[in-house]
Amino acid sequence: MSSLNQCSFVGRMGRDPEVRKIPSGSKVAEFGIACTEKFKDANGQTQEVTEWVSVVAWKKLAEIIERIGKKGQLVLVVGKMKTKSWEDPNGIKKYKTEII
């Protein structure tokens, strides 16, 4: 069996999607979703932990998200995980992981 790069998340959109057109004419939509987990700690107190997931959608899917995606909307995201890296102006290496 070969490897598989697939992730799925259910969460709420943290902001309206940012959509832009690239030189080829295709659209790209970027947004984040908040995935919140609730659990009881050792003392029986309810705790909440929120993880933010960065999402990038391309072409037709980006057009659909542009039309119907709104802050606070519950979404299911399924895609592949991709990490990109760059150097900031101070020469420090930065990383960002996105679901494509």
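**Note on the core, the pocket and Gln45**

1. The largest nonpolar core holds 14 residues, and those with the most contacts inside it are Phe31, Ile33, Val53, Val55 and Val77. A nonpolar core is a set of buried Ala, Val, Leu, Ile, Met, Phe, Trp, Tyr and Cys residues joined through side-chain atoms within 4.5 Å. Buried means under 20% relative accessible area, exposed over 50%, and partly exposed in between (1.4 Å probe, protein chains only).

2. Strands E1 (7-13), E3 (27-40), E4 and E5, with helix H1, each supply at least two residues of this core. E3 gives the most, 4 residues. Helices (H or I, at least four residues) and strands (E, at least two) are DSSP runs, numbered from the N terminus.

3. This is a predicted model: local features need pLDDT of at least 70, side-chain atom pairs count only at pLDDT 80 or more, and totals for chains, interfaces and linings use all residues. Residues are numbered from 1 along each chain as its sequence is written, and side-chain values use heavy atoms, without hydrogens and water.

4. Which residues does Val53 touch? They are Phe9, Phe31, Gly32, Ile33, Cys35 and Ile99, leaving out residues up to four places away in sequence. Contact means heavy atoms within 4.5 Å.

5. Gln45 sits in the loop between E3 and E4. Buried or partly exposed? Gln45 counts as partly exposed because its relative accessibility is 48%. Gln45 touches Phe39 and Lys40, again leaving out residues up to four places away in sequence. Gln45 and Ile65 are 20 residues apart along the chain, and their C-alpha atoms are separated by 37 Å.
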